Amino acid sequence: MLETFKTRISEKMAGYFLLLLMSGTIIFHSLILLGIIPYSITWGGQLESDEQMYLFESISIGLTLLMAWMVIVRIGLLDAKLPALLSKFVFGGMALLFTINTVGNLFAVNSLETILFTPITLFLAIASFRLAIW
């Protein structure tokens with residue numbers, strides 16, 4: 001079954017898909033930081049202040065940039081190498097993180113977050129898993 005999964009979704013396809021969604025994520029969180037999108041529709045509706053929003057959104061953008069860099073290296077767009085064990089650990093961790101986020105989105109206070117972001121984080125989890133199993 002794992003081999004079928006690997007042949008149906010190539011590493012490059014998974015990587016480009018991750019980069020596309022991560023780019024959108026960075027733009028989305030930047031718009032929240034700028035106040036264009038209300039932060040009440042993110043983080044399960046649990047943020048209580050602008051200070052929390054700035055902290056959580058900054059961390060989110062930073063982690064997304066780091067993960068995007070790892071994807072870029074992993075699919076060979078940047079001439080650098082990741083040790084195989086580190087790569088498996090990082091992408092396995094990303095798959096776990098996105099899976100937990102998917103479950104969290106299912107129980108979000110804001111229905112927009114549930115409807116819009118649940119499938120996105122699920123696809124991020126699947127693509128991350130694909131890069132973890134090479």
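This short presentation covers the largest pocket, three threonine residues and two aromatic pairs of the structure above. Please keep in mind throughout that the model is predicted.

I shall begin with the pocket. The volume of the largest pocket is about 680 Å³. Its lining comprises 27 residues, and those closest to the centre are Thr 25, His 29, Ser 60, Asn 101 and Thr 121. Which helices contribute to this lining? At least two lining residues come from each of helix 2, helix 3, helix 4 and helix 5; helix 4 spans residues 84-106. As to chemical character, the lining divides into 15 nonpolar residues, eleven polar residues and one charged residue.

One of the residues closest to the pocket centre, Thr 121, deserves a further look. Thr 121 is located in helix 5. Is Thr 121 buried or exposed? Its relative accessible area is 7%, and because the limit for a buried residue is under 20%, Thr 121 is buried. Beyond its neighbours up to four places away in sequence, Thr 121 touches Phe 98, Asn 101, Thr 102 and Asn 105. With Thr 102 there is also a polar contact between the two side chains, at 2.8 Å. A further spatial relation concerns Thr 99: the C-alpha atoms of Thr 121 and Thr 99 are 7.0 Å apart, while the two residues are separated by 22 residues in sequence.

I turn next to Thr 118, which also belongs to helix 5. Thr 118 counts as buried, at 12% relative accessibility. What lies 2.7 Å from a polar atom of the Thr 118 side chain? The backbone oxygen of Thr 114 does. If neighbours within four places in sequence are set aside, the contacts of Thr 118 are Thr 102, Asn 105, Leu 106 and Glu 113. Thr 102 and Asn 105 thus appear in the contacts of Thr 118 and also in those of Thr 121.

The third threonine, Thr 42, is found in the loop between helix 2 and helix 3. Thr 42 is buried as well, with a relative accessibility of 5%. A polar atom of the Thr 42 side chain is 2.9 Å from the backbone oxygen of Tyr 39. Not counting residues up to four places away in sequence, Thr 42 touches Phe 28, Ile 32, Leu 47, Glu 57 and Glu 113. Glu 113 is therefore shared between the contacts of Thr 42 and those of Thr 118, because each list includes Glu 113.

Finally, the aromatic residues. How many aromatic pairs does the structure hold? There are three, and I shall describe two of them. In one, Phe 17 and Phe 123 meet edge-to-face, with 6.0 Å from centre to centre and 85° between the planes. Phe 17 is in helix 2 (residues 11-33) and Phe 123 is in helix 5 (residues 111-132), so this pair ties together parts 106 residues apart in sequence. Both rings belong to partly exposed residues: the relative accessible area is 31% for Phe 17 and 43% for Phe 123.

In another pair, the ring centres of Trp 43 and Phe 56 are 5.0 Å apart; the planes stand at 75°, so this pair is edge-to-face. Trp 43 lies in the loop between helix 2 and helix 3, whereas Phe 56 lies in helix 3 (50-74), so the parts tied together are 13 residues apart in sequence. Trp 43 is partly exposed at 32% relative accessible area, and Phe 56 is partly exposed at 32%.

Terms used
Residues are numbered from 1 along each chain as its sequence is written. This is a predicted model: local features need pLDDT of at least 70, side-chain atom pairs count only at pLDDT 80 or more; totals for chains, interfaces and linings use all residues. Side-chain values use heavy atoms; hydrogens and water are left out. Rings of Phe, Tyr and Trp (its six-membered ring) pair if their centres lie within 6.5 Å; planes under 30 degrees apart count as stacked, over 60 as edge-to-face and the rest as tilted. Helices (H or I, at least four residues) and strands (E, at least two) are DSSP runs, numbered from the N terminus. Buried means under 20% relative accessible area, exposed over 50%, partly exposed in between (1.4 Å probe, protein chains only). A polar contact is a pair of N or O atoms within 3.5 Å; within protein, one must be able to donate a hydrogen and the other to accept it, and residues adjacent in sequence count only if both atoms are side-chain atoms. Contact means heavy atoms within 4.5 Å. On a 1 Å grid over the protein atoms alone, a cavity is a set of points where a 1.4 Å probe fits but cannot get out, and a pocket is an open set with protein on both sides within 12 Å along at least five of seven lines; lining residues have an atom within 4 Å of a point. Grid points are joined across faces, edges and corners, and a volume is the space filled by probe spheres set on the points. Ala, Val, Leu, Ile, Met, Phe, Trp, Tyr, Cys and Pro count as nonpolar, Asp, Glu, Lys and Arg as charged, and the others, Gly among them, as polar.
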